[in-house]
Amino acid sequence: MKVTRLLFPLFLAIALPAQVAHTGERASSDGIALALGSGGAGGLAHIAMLEEFDRRDLKPSVIAGTSIGAVIGAMYAAGLSADEIRELFAVFGESALNPFAGLLDDGPAWTDLVRAEWGKGGVIDASGFMEFIGKHFEARRFEDLEMPLKIVAANYWDGRSVVFDEGDLFSAIKASMAVPGLFKPVHRDGMLLIDGGVTNPLPWDIVDDYQLVIAIDVTGSRNPDMDDAPKLFDLLFKTFEIMQQSLINEKISANPPDLYIKPRLHGIRLLHFDRIDAILEQSREAATELGEELDRWQAIEGPA
C-alpha cells in the first residue's frame, strides 16, 4: 500500500477500518485542517492531494505547512487551484532543471531563478523563486489570503519552532524552506530562521483542534535495490530526511492525526522539480485514498 492511515482514536480504527473516526472531544473548530509536510521536490505530491479537494469543491478550513508544504500551502491559500499550481511548477521545473540538477552533480549552471550565494549561509538565494511564484497571486501578507495559513520555520539560535500566521507572507515562506547549507537563512523579528523541517516537518499538531486533521507526509524513501549509492549532497539531504522521519514517527506515537497519508516516492531527489509528472503519478494511489476518505467525511459530517 502507498497510503498509511491513522484513525484517531486507535481502537475506533480497528472497529471501523474504512471510516474516519472523530471523538467530538478533540475538535473545537469546524471543518478540515490540512498539514502539508516537508520533502523537497517530493512535496509536489501535495498537488495531487489538493486536486482531490478541488474535484469535490471542498476547501480546508486551515492549512499548516512546512518547507515545500508552506510554499504549496501558501499558493493554495492565496486562491490558486491545484491545476494552476501544477502548471506553475511544470514551468519552473523546465526553467530550473539544469541548475538544480547541476548542483547535485557538482556542476551547477545558474539561471535568474537560482542565484549563487556562496559564503552567506547557503548555496542558493531563494529570492528569484519567490519572485517567480509571486507573479501568480496578489497576496503578500497572511491577511490577504483566502483561507487561514500557518507556516513553520525554526529559530537557529534557540532551536525552537516558530509559527507564522500574520504579517509578511514571503519572508515566512523563505524561512520555512531555508534548508540548512542550501538556502541562506532568513532574518526576521530578531531571529535567524531556517527550514521548519528541522523541528516540525509535518505540523498537524498546530491545527489539531479541527473535526478532521489530515497530515500529508512527503518525505521519501531509501531502497538499496532501487537507488544508487548516494553522492555528497544526496547523503547530506537524505540524512536530513531521516531526521525528519524520526520526528514524524515520534509525533505519531504521541498524538496521531485523524488521517495520515504518505505516498511512497522512489527515485526522487531533493531538487528534482523537473519530475513533476513522475511524482504526481507515484502519488496517484495515495490521492485516491484521500479522495475516498473525503467522500466518507462529507457523507458523515461534511456540509450538504
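**View 1. The end of helix α2 and the residue that comes after it.** Let us start where helix α2 stops: Asp 57 follows this helix, and the phi of Asp 57 is positive, near 50°. Everything shown here and in the other views comes from a predicted model. Helix α2 covers residues 45–55. Of its 11 residues, 9 are buried, so that the helix is mostly covered by the under-20% cut-off for relative accessible area. The buried ones are Ala 45, His 46, Ile 47, Ala 48, Met 49, Leu 50, Glu 51, Glu 52 and Phe 53.

**View 2. A salt bridge between helices α2 and α4.** Here you can find Arg 86 paired with Glu 51 in a salt bridge, where the closest N and O atoms are 3.4 Å apart. The two partners sit in distant parts of the chain, 35 residues apart, with Arg 86 in helix α4 and Glu 51 in helix α2. How exposed is each partner? Arg 86 is partly exposed, as its relative accessible area is 29%, while Glu 51 counts as buried at 6% relative accessibility.

**View 3. Glu 52 and its two arginine partners.** Stay with helix α2 and look at Glu 52, whose side chain meets that of Arg 55 in a salt bridge of 2.5 Å, N to O. Both residues belong to helix α2 and are 3 residues apart, which is about one turn of the helix. Is each of them buried or exposed? Glu 52 has a relative accessible area of 7% and is buried, whereas Arg 55 counts as exposed at 55% relative accessibility. Glu 52 also forms a salt bridge with Arg 56, at 2.9 Å from N to O. Through shared partners, salt bridges join Glu 51, Glu 52, Arg 55, Arg 56, Arg 86, Asp 277, Arg 284 and Asp 295 into one network. For the wider picture, a search of the whole structure finds 15 salt bridges.

**View 4. Strand β2 and the strands it pairs with.** Why is strand β2 described as largely enclosed by the rest of the structure? The reason is that 5 of the 5 residues of this strand, residues 62–66, are buried. Val 62, Ala 64 and Thr 66 point one way from the strand, Ile 63 and Gly 65 point the other way, and all are buried. Strand β1 (residues 29–36) runs parallel to β2, and 4 bridges join the two. In this pair, Ala 35 stands opposite Ala 64. Strand β5 (residues 149–155) is also parallel to β2 and is joined to it by 4 bridges. There, Thr 66 of β2 faces Val 152 of β5 as its opposite residue. Helix α2 returns in this view too, as β1, α2 and β2 make a right-handed β-α-β unit.

**View 5. The largest cavity and its lining.** The last stop is an enclosed space: the structure holds 2 cavities of 30 Å³ or more, and the largest has a volume of about 390 Å³. Which residues lie closest to its centre? Of the 36 lining residues, these are Gly 39, Gly 40, Leu 270, Leu 271 and Phe 273. The elements that give two or more residues to this lining are α3 (68–77), α4 (82–104), β4 (124–125) and α7 (232–254). Helix α7 supplies the largest share, 6 residues. Sorted by class, the lining has 22 nonpolar, 8 polar and 6 charged residues.

Notes: Residues are numbered from 1 along each chain as its sequence is written. This is a predicted model: local features need pLDDT of at least 70, side-chain atom pairs count only at pLDDT 80 or more; totals for chains, interfaces and linings use all residues. Side-chain values use heavy atoms; hydrogens and water are left out. On a 1 Å grid over the protein atoms alone, a cavity is a set of points where a 1.4 Å probe fits but cannot get out, and a pocket is an open set with protein on both sides within 12 Å along at least five of seven lines; lining residues have an atom within 4 Å of a point. Grid points are joined across faces, edges and corners, and a volume is the space filled by probe spheres set on the points. Ala, Val, Leu, Ile, Met, Phe, Trp, Tyr, Cys and Pro count as nonpolar, Asp, Glu, Lys and Arg as charged, and the others, Gly among them, as polar. A salt bridge is a side-chain nitrogen of Lys or Arg within 4 Å of a carboxyl oxygen of Asp or Glu. Buried means under 20% relative accessible area, exposed over 50%, partly exposed in between (1.4 Å probe, protein chains only). Two strands pair if DSSP finds at least two bridges between them. A crossover is right-handed if, with the strands pointing away from the viewer, the path from the first strand over the helix to the second runs clockwise.
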